[in-house]
Amino acid sequence: MSKTVDRVVWVNAHPHTLATRLALQNDWTVVTGSRLAARAIAARSPQTLRQLAVAHLRHPWPNCRVASGLEALRCLRAVLGETLRPKDRFGTAKVWLPAVRDLLQSGPQLPLLLTDEVRSLRIRQLLVVARAFQQTLHDQQQIDESELYWRTLDLSPTPKPLLIYGYFQPRRDELAWLDAIAGPGSALILPQPDHPWFADVQQSVDWLQHQGWTVQWDSAAPQTCGDQLSTQFLTAAASPPAAVQAHHYDHREAEIRGVLTQVKTLLNRQVPARSIVLIARDETAYGPQLLDVAWEYQIPVRALYQIPLLSTRLGTWLKLLIEVLVAGFPFEQTAQLLSHPLCSNPDREFWAIVRQEHPQGFAAWQAIATAHLDLDLHPLGRVNQARRRDTWVDWWKDCLNRFNLYQRANRWPRDILAVNALRQHLADLANNAEAELLTWADFRQELLDLLESLTVPAQPGRGGVELHGPQAVLGARYRYGFVLGMAEGLFPVPIQPDPVVDFFDRRTLEDYGVRLPSAAALARQEALYFYGMVQTVTERVSFSYAIRQDKDEQLPSPYLQQLNLKTTEPPPKAIASPEEERRHGLQAAAVDPDDPVLGLARHAWAVELRRESEAAADEYDGAIALPLDRPDWHFSASQLTQLGQCPFKWFARKLLNLNPPQEPEDDLTPSLRGNLYHKTLEFLITFHQTNPDQDLTDPALLDRTYTAAEQALTLPALPAWEHRRPEQLATLALVLKHPSFLPAKAEPIALEHCFTGEWHGLQVSGRVDRIDRTPNGLVLIDYKTGSDRPQGIKNAQGRAVLDLQLPLYQDVAAPHLDSAASVQDAYYYSLSKQKKIAIPKDQQPNELAAAIERCKTHLTTGNYPVQPDVKGAACEYCDYSSLCRQGDRLRRKTQGERA
């Protein structure tokens, strides 16, 4: 220390050693940039510059406070509405707030400029908005976070001896505040400024020297790996320290797994977790996947970067609830809301009822929730009204309590913090404006703003290996450091202009005494972050990056070139988790008998290998070798068609009973339209049989009959049905008017006629839409809503062209109705085209008999392979594509069978 009581700026290339020594020499207040920096120099009761400023602000002005993020955003939104009047006040406020804060942070007073002095319209607008924003907050006895240091300077702070460490590139407002609060004997430690990258630090040193500070240079030699590496970064010496490594990986997950494997090796060697640090320039990009892999590896990792409350489970549920309220309780979104982990967790019986009833709208969901969940949703149905702000807050608190959300969130540490933050800040929505009336849309937007402005740590907790960004570790100390994402475009990050004040406007503002960071200054800041980051590691530093990210190739960071580091292949990766050991054990000769999972996993692995190979189909492809010993089994025409098109499709549906969940139609699907047509025509022709003189084309009769069909089918609420219904009636009217639908000499004698019998040695059953008696014999008719004939079963060449349905009707249904009558014809009738559907005449009876024999062979041998027809007609509307996985593997199977 100097023998005088002068305030000293210590300039040192390696400031940690000096700070540690000075921290023990004097009875001063230690001011550090972070708790990590304070921990590195063993500081007792450290404070930050902000804490000193807030404490000093409260002393003379107990009623003045720093506005919260939500309050600042709300204030700026009001100011923009009065000044610029943008169409989107909410979005504009979010974009403008950083620029307004940069302007307030740049100096103690905003420049007083006349309108004609500044040519840039955007700068004039920014000055007007910033001045109005500042004044509005002051009228409410609040200040914005960005002007905290300037306003406390107006209160004549009492200086005291300070040791300031960790503020390696202080901003202009921070510099002015520490100059005002630092008394005689204070010491400020800054990194070495004798380099172009430290031009901004040199300006700070010069300014402090002008304020009476004494500058002292400390030329201590580099002692640690990080110190040597920082010197290497500045001088680009021939070779980096031996303890520095750089590796490239194929992709990001491989990089994360490789790095965490090295971390686990250190932990297994009893290296304390607090001695290891993970660093990523973009923590949010690496954090989620890194935390997942760390959980798998059983490595305690703490990610202390802040994420919006909107990204937590609690925030996701709240946003989903808002979407449900806005959309009026639609089926899909409401089902997602109730199935969320933070919600009521309904059981399987509840979801079965939901699928059957397919509720749409608040009333339908309220009825089901009350009956089966004992959950009253009544308050949620009253949002389309204006209320006082405090009433809206009380309503929202009631919703959270109604779903028991606070207790359910206690299962996860991050969500516990999210709940506490939400509880604490909900009152901000009602602060000082209880009588203000808000619509639901306005309150909803303010609530979303609150969820975005509140933040919680990504992975809170105690102890463990920490994940940080480079700025957070400035001044800290670790033995081992792992820097991820050392790729071009990731570290350093590209310099992007502000959307409100670009770099050209910033140069213009400098003419009026407003200094905002330029592009060059931001680039120098990135270099300083890296310089300070590498100094934090004392023993070993490892850099890594992924060669590919998604589909893009990445190059190494230019900082690695500055260090003369070339990336190499990573060392062979050790097994770091039970899951990885199991993946390795899949192909091992022996199986761990104590592992309850590995045996099953190896079996599943073998099944998949065989499925994807050229080997013949086995039981997992439907070849179960169990004959269908069910003489009472009745086949319908659709069953036989499925069996004849793809045996596995019939096997999955009928033998395995893998039917999709039954849900009502929520739109006019072809099947629902067909059911309506069939039922309407059945009612009309039944009416015609007893009232032959009644005109079936009478619009009133058709409307009444169609209504009866809707009621018989329990037609669900369909979108815009009142506008679509006349189109369906018009189609049916055309059908009834066309002479081909009900020929003059044809008498309908059976409608929806059910039959059973034996056909080609199989028990069959079915239903014919209509059977007419004509002078020449019976006519069997099957209605189709489309204009194409239905797909048949496969012929010998594998084409689905053999019609099965009409021959079955002719051979079994007609004799079942009248054994003495002959069959004149059987055809499909297109209701949409009002005509018969042509059927190829070249189909030979022996072809159909041979195809049915192939079907019977599948039944008698228990062999139901995945063998769709060659054009894939069986796959077009199949529910089992994820189970059979037809595709390239079927071609390999076919090649194996031919071989």
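This report describes two nonpolar cores and one sheet in a predicted model.

Residues are numbered from 1 along each chain as its sequence is written, and side-chain values use heavy atoms, with hydrogens and water left out. Because the model is predicted, local features need pLDDT of at least 70 and side-chain atom pairs count only at pLDDT 80 or more, while totals for chains, interfaces and linings use all residues.

The largest nonpolar core (buried Ala, Val, Leu, Ile, Met, Phe, Trp, Tyr and Cys residues joined through side-chain atoms within 4.5 Å, buried being under 20% relative accessible area with a 1.4 Å probe, protein chains only) has 80 residues, and L278, W317 and W396 have the most contacts inside it. Helix α13 (residues 313–327) gives this core its largest share, eight residues. Apart from this core lies another, of 79 residues, among them A38, Y149, F168 and W213. Beyond its neighbours within four places in sequence, L278 is in contact (heavy atoms within 4.5 Å) with residues including V259, L290, V465, F482 and L484.

An open sheet of five strands runs in the order β2-β5-β6-β1-β7 with parallel pairing, where pairing requires at least two DSSP bridges and strands are DSSP runs (E, at least two residues), as helices are (H or I, at least four). The edge strands are listed here.

| Edge strand | Residues | Partner strands |
|---|---|---|
| β2 | 29–32 | a single one |
| β7 | 214–218 | a single one |

One side of each edge strand is therefore left without a neighbour in the sheet. Strands β5 (residues 162–165) and β6 (residues 187–191) pair over two bridges in the parallel sense, and L163 stands opposite A187 in β6.

Note on methods: Buried < 20%, exposed > 50% of the residue type's maximum accessible area, 1.4 Å probe, protein only.
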